[in-house]
Amino acid sequence: MSLRLSTVILPYRRWHEGGRATWVRAEQLGFHTAYTYDHLSWRSFRDGPWFGAVPTLTAAAAATERLRLGTLVTSPNFRHPVTLAKELISLDDVSGGRITLGIGAGGTGFDATALGQEPWTPRERADRFAEFVPLLDRLLSEDAVTYEGRYYSADEARNIPGCVQHPRLPFAVAATGPRGLRLAARHGQAWVTTGDPKLYETGTPEQSVEALRGQLARLTDACAEAGRDVAGLDKILLTGFTPDRGRPLTSLDAFVDFAGRHRDLGFTEIVLHWPIADSDFAADEKIFERIAMEGLAQLG
C-alpha cells in the first residue's frame, strides 16, 4: 500500500478571514485528506477563536471537490452516538461521500469537564469507548437502532437514508491500549497513533520508531484475534507528538527521511499540521507547500 500525505487544519480562523482559503489550498496542494480537531477548546488555543468541527467540515465540503475530509479525532467526551450519527450522515451527504471519522477515547483536557462533569477515569473512558464505537457503527449502518447499554441508549433511532459511503463512512480508530486496538481491529478501516507520549519530552527518534513498531505488532495481534488481515487496515501517524516534533517540516530532505522511516515501519498515511505561527506548529509555509507537492515523489 503506497504512502499518502494528509494534513490537519486547526479550526481557529474565521471562515472568511483565512479559514476557507486554507481548506481550498489543501486541495490544491494535493493532500489526500484534510482533518480537523473535534474539541470544544484545546490547549494553548483555549483563550482564542476555536470553531466547531462539524460545521467547519460542512463548509469545507462545500468549498472543495476532491479532498477527503475528517475529524482527528472525535471522542465521547461531549458526543453522544445518536446525535453524532445524524450529523455524520448529513456531513457525508453534503460532501458526496468524502468523510472519514477519526475517533478516540478522549482524554483529561478541557473537553472532559466542559459539560460540568467530573473527568472520567481511564477505565471509564475505555468502558465508554467500548460501547460508543459499536453503537455508532450500527447507527451509521442500519435504518433504525434500539439499544440500551450502561452509558448510551438509542430508542428506534432513525438514520435514513444512511451514508453515501457503504456500508458506512470509514472509521479511523485512535488507540494504543489493548481494548482500543481490539476496537480498531473490529470496527476500523484505519488505525491512528501519535506515538508514545512518554517519549515526547526526553525520548529519541530511534526510541519512538521502536515504540511504534511495538504498537504495530500489537495491532497485528488484535487483527489476528478478530480474524482480520492487518494489511487491510490503513495505519495513520499524526505527527508533531513524537520526539521528532517539528523537524520533519524543516526541509524537504528532513521530511523524506522521516516519512521513509515510518513508511518502512508499515504506515500508510502521514498527517502534518498546517503551519500556525507562534505556536507549537510553527513552520515555514513555503517548505510546507514544497513537501506537500514533492515529498512523496522524493521517496521513490
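**View 1. The buried residues of helix 3 are P81, L84, A85, L88, I89, L91, D92 and S95.** Look down the helix axis and these buried residues fall within an arc of 165 degrees, so they line one face of helix 3. That fits a general pattern: an α-helix has 3.6 residues a turn, so residues three or four places apart point the same way. Keep in mind that this is a predicted model. As for what sits over the buried residues of helix 3, the cover includes helix 2 (53-63), strand 3 (68-74), strand 4 (99-103) and helix 4 (122-141).

**View 2. Here's helix 3 from end to end, residues 81-95.** With 15 residues at 1.5 Å a residue, helix 3 should span 21 Å, and its end C-alpha atoms are 20 Å apart, which agrees. Right after helix 3 comes G96, which has a positive phi, near 70 degrees.

**View 3. Now zoom in on I99, a residue of strand 4.** I99 has a relative accessible area of 2%, under the 20% cut-off, so it counts as buried. Not counting residues up to four places away in sequence, I99 touches R68, L69, L91, D92, Q165, L169 and P170. L91 and D92 also appear among the buried residues of helix 3. L57 sits 42 residues from I99 along the chain, and the C-alpha atoms of the two are separated by 8.8 Å.

**View 4. Strand 5 and strand 6 make a hairpin, with 4 residues between them.** Strand 5 (residues 144-148) and strand 6 (residues 153-158) run antiparallel and are joined by 4 bridges. To pick out one bridge pair, find V145 and look for its partner in strand 6, A157.

Conventions. Residues are numbered from 1 along each chain as its sequence is written. This is a predicted model: local features need pLDDT of at least 70, side-chain atom pairs count only at pLDDT 80 or more; totals for chains, interfaces and linings use all residues. Side-chain values use heavy atoms; hydrogens and water are left out. Two strands pair if DSSP finds at least two bridges between them. Helices (H or I, at least four residues) and strands (E, at least two) are DSSP runs, numbered from the N terminus. The expected span of a helix is 1.5 Å times one less than its number of residues. Buried means under 20% relative accessible area, exposed over 50%, partly exposed in between (1.4 Å probe, protein chains only). The arc is that of the directions from the helix axis to the C-beta atoms. Contact means heavy atoms within 4.5 Å.
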